[in-house]
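Student: I am new to this structure. Please pick one part of it, go through that part closely, and then connect it to other places worth examining.

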Amino acid sequence: MIAELGHYALVLALALALVQATVPIWGARTRDLVLMRVADITAPAQFVFVAAAFAALTWAFVVSDFSVAAVVENSHSAKPLIFKISGVWGNHEGSMLLWVLILALFGALVALFGRALPPALKADTLAVQSWIAAAFYAFILVTSNPFARLPVPPAEGRDLNPLLQDLGLAIHPPLLYLGYVGFSIAFSFAMAALIEGRIDAAWARWVRPWTLLAWMFLTLGIAMGSYWAYYELGWGGWWFWDPVENASLMPWLAGTALLHSAVVMEKRNALKVWTVLLAILTFSLSLIGTFLVRSGVLTSVHAFATDPTRGVFILAILVFFIGGALALYAWRAPMLKQGGLFAPVSREGALVFNNLFLTTACATVFVGTLYPLALEALTGDKISVGAPFFNLTFGPLMLPLLLAMPFGPMLAWKRGDLLGVAQRLMVAAAIGLVGLAAAFAIDDHGPVLAPFGVGIALFVMIGAVLDLVERIGLGRVPFATALARARGLPRSMWGTAIAHFGVGVVLLGVVAETQWSKEQIVSLKPGETVSIRRYDFTFRGVAPRQGPNYTALVGQFDVSRKQEPLGRLEPAKRNFLARDMTTTEAALMTRGFSQLYLSLGDTHPDGSVAVRLYHKPLVLLIWLGAVVMVIGGAFSLSDRRLRVGAPKPARRGVAVQPAE
Amino acid sequence: MTRKKRRLLLVGIGLGVLALAVGLVLTALNDSIVFFNSPTDVVAQKVKPGARIRLGGLVRPGSIERGENLAVRFDVTDGNETVKVAYTGILPDLFREGQGVVCEGVIGAAGEFTADSVLAKHDENYMPKEVADALKRQGHWKDDYGKDSSP
């Protein structure tokens, strides 16, 4: 009964979406406020109905209702409650329901918090949002009904894919989707602007918080997924350039570019046409990502879903929205007036530079991800494009971006002084060089690139700090004054500095992990010891252990350093009974920002086990850096200028107005 | 600088970066892509010794031999032909006899394949797409392959 209610709620949401897709936009054309305001009611109502559908499915999972097909396929009565709940989106049907839930959530938020928006723009935006929603409700109802019943319910479910029974993957999809789908707002705003044929700096101010919010979630989601792959797949890798990962990286790159170009538009009323295009492209890439992941066209580490009919449906949605948006863009964009002038060397110029490299890097990822598909479709040749391709293309394109990053925020708007900024960055460059030399000194026969990577990372980090120091005049003015200035500095500037600092942190982690990781794969008998970078691992034996829905074989290793015991590591092999599937649970020991990583291989009849052992220096910085970037985003989001509907402050800033 | 000149400069720089990217992509595609082949392709010497490829097929039941120091040998078959594979390291959790695998590595002069990575299917419903296609092409596809071969 509850499953049927959920199904019905979803049908009602589709009906509401169809109303919202047509009435408000008609109202906007005829300047009829009553019709335009219909969206203010239907958008939250849609969310309520989709939430009800989602709750119904969650209920079916929690009580293990094995008459519902999705529950049978992906749940088991012995599964812990948290994984029963995460099982809701650990499968195709449920994850699409989560997708539309988040889409409806963002629509409702715009309806509720967008009071300051011009009514016509708001009506158009919500209408476009509803087109997307209607298409995806129809997709779910027609091809992937999560509430489908089985005529003969089995007594037990087939359990969730064991790899997905993990806390990291329980929260990864919701975060990722909040990011992916959040970009739909920027898309809808862009379409609304094109429909209205009018766009100004205020538009950028309305779009930016939504983009920023989506970007923060996407950043967290990608970092979370990467950490999950790192400890759950047992290879110690944190990024595989797998198509599914690329599918989330592409919208991230485009979204990052969009965040930056929207700044130019907001401050200088320039780059309008480009910003609108980026908004369209960012969400288009999210749609392509959804298509790649959900249609099963890829052979990939994460390809859990395969069904061609669904692929064709999503492809149709994709073609309609991307094609339609680009057609509308080609038709209406020339009507948008171009804004402010700027010299090539200026803040605007730096942001254009940023956009150029981010979008080009995004394009290379796009080519690397889709080229194998295209080649196979055209010639039948099967190839794989792996890490070497991306290292060769993505890496060199990131390099100029990273080097230019500290310059950007220091350049003045309109016309900047490159030489002056270079002088102000001397300290950062010097520290970077010292770091480079130190890295060389410590490790003189390691990879040559590593010390340079360390140098650049330090340059980026210190550059971000210097920007703040300069702005508040630390060291030049009395400390109390500097403190007052720091308090008066717009939050968005703190945000910029913190986020850029985070990029440096990520880079440092990536360089250290990829260049200085130490790996050993050995076979050990009980009592034997293996050493890696002065850490000694003594194998004590394996013991069986019983979990709720699996049996585990747990290896026991005592870790010590210079005879000083540090603790015990217990990597395991879990065998999930319902699917007869084994997963590897790596054991991690954190030492500062570095980690020791141990995973089990096969056990042999003579009592020996194969183990994979890593020392990964500074590896935690990769994810901590991402968190720092998100904190920067949060600072920026809390800037009063961006608070949706916040009136402009009468008096801007404090005594000192920083050079914006 | 006039608006036109400025735009020209911007477009110029943009094209420059694009050209750089295209160059990088083309060289990278030349150097770093890996073709997928079936055992039949390898035995028919469609692949030059020393070339890096991905070899896909089923692990022939009874062919797994374990040696010292995590060395392992097994046969990969597509039903028509069989290629011997040597690998040193830890095999994935889902590596089993009769199951689909994809090995990446190099063919030696003697026709033996030295793998440096072995990927197995990722759950019991999933067979690497290339493997499934190769088996279909050889006429050895059975509908129950990959469905649930464990008894």
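Tutor: The part taken here is chain B with its contact to chain A, followed by some places in chain A. The model is a predicted one, and that applies to each statement below.

Start with chain B alone. It has 151 residues, of which 30% count as buried. Three helices and seven strands make up its secondary structure. Going along the sequence, the order of these elements is α-β-α-β-β-β-β-β-β-α. Take the contacts in chain B whose two residues are at least 6 apart in sequence: 51% of them join residues at least 24 apart.

Three of the strands can be followed as they pair. Strand β7 of chain B covers residues 113–120, and strand β5 of chain B, residues 82–88, runs parallel to it, with three bridges between them. On that side, B:Tyr87 is opposite B:Ala115 in β7(B). Strand β6 of chain B, residues 100–107, also pairs with β7(B), but in the antiparallel sense and over seven bridges. Here B:Glu104 is set opposite B:Ser117 of β7(B). β6(B) and β7(B) form a hairpin with five residues between the strands, and in this hairpin B:Gly111 has a positive phi near 90°.

Now turn to the contact itself. Chain A brings 38 residues to it and chain B brings 34 residues. On the side of chain A that touches chain B, several elements each supply at least two residues, among them the helices α13 (347–379) and α14 (387–404) and the strands β10 (594–603) and β11 (609–616). α13(A) gives the most to this side, namely seven residues. By type, the residues on this side of chain A are 20 nonpolar, 12 polar and six charged.

One strand pairing crosses from chain to chain. β1(A) and strand β1 of chain B, residues 33–37, run antiparallel and are joined by three bridges. In this pairing A:Ser384 has B:Val34 in β1(B) as its bridge partner.

Residues of both chains also share a nonpolar core. It has 39 residues, including A:Ala572, B:Leu58, B:Val72 and B:Val76, and it lies apart from the largest one. The largest nonpolar core has 196 residues, and A:Val100 and A:Ala186 have the most contacts inside it. Helix α9 of chain A, residues 201–232, provides the largest share of that core, 19 residues. Leaving out residues up to four places away in sequence, A:Ala186 touches A:Val207, A:Trp210, A:Thr211, A:Leu258, A:Ala279, A:Thr282 and A:Phe283.

A helix of chain A can serve as a check on geometry. α16(A), residues 426–442, has 17 residues; at 1.5 Å a residue it should span 24 Å, and its end C-alpha atoms are 24 Å apart, which agrees. Its buried residues are A:Ala428, A:Gly432, A:Gly435, A:Leu436 and A:Ala439. Viewed down the axis of α16(A), these buried residues fall within an arc of 100°, so they line one face of the helix. In general, an α-helix has 3.6 residues a turn, so residues three or four places apart point the same way. The buried residues of α16(A) pack against α17 (449–472) of chain A. The face turned away from that buried side carries the exposed residues A:Met426, A:Val434 and A:Ala441.

Two loops of chain A hold a positive phi in a residue that is not glycine. In the loop between α3 (38–62) and α4 (69–74) of chain A lies A:Ser64, with a positive phi of about 50°. A:Ser64 counts as partly exposed because it has 17 C-beta neighbours inside 10 Å. A:Lys414 is placed in the loop between α14 and α15 (418–424) of chain A, and its phi is near 70°. With 15 C-beta neighbours inside 10 Å, A:Lys414 is likewise partly exposed.

Last, look at the segment after α20 (620–637) of chain A, where A:Asp639 lies. A:Asp639 and A:Ser492 are 147 residues apart in sequence, yet their C-alpha atoms are 5.6 Å apart in space. Beyond its neighbours within four places in sequence, A:Asp639 contacts A:Pro490, A:Arg491, A:Ser492 and A:Gly495. A:Asp639 has 18 other C-beta atoms within 10 Å, so it is partly exposed.

How values were computed:
Residues numbered from 1 in each chain as written. Chains lettered and ligands numbered in written order. Predicted model: local features only at pLDDT ≥ 70, side-chain atom pairs only at ≥ 80, totals over all residues. Helix = DSSP H or I, 4+ residues; strand = E, 2+ residues; numbered from the N terminus. Buried ≥ 20, exposed ≤ 12 C-beta atoms within 10 Å, placed from the backbone. Contact = placed C-beta atoms within 7 Å. Nonpolar A, V, L, I, M, F, W, Y, C, P; charged D, E, K, R; others polar. Pairing = 2+ DSSP bridges. Expected span 1.5 Å × (residues − 1). Arc of directions from axis to C-beta. Core = buried A, V, L, I, M, F, W, Y, C linked by C-beta atoms within 7 Å.
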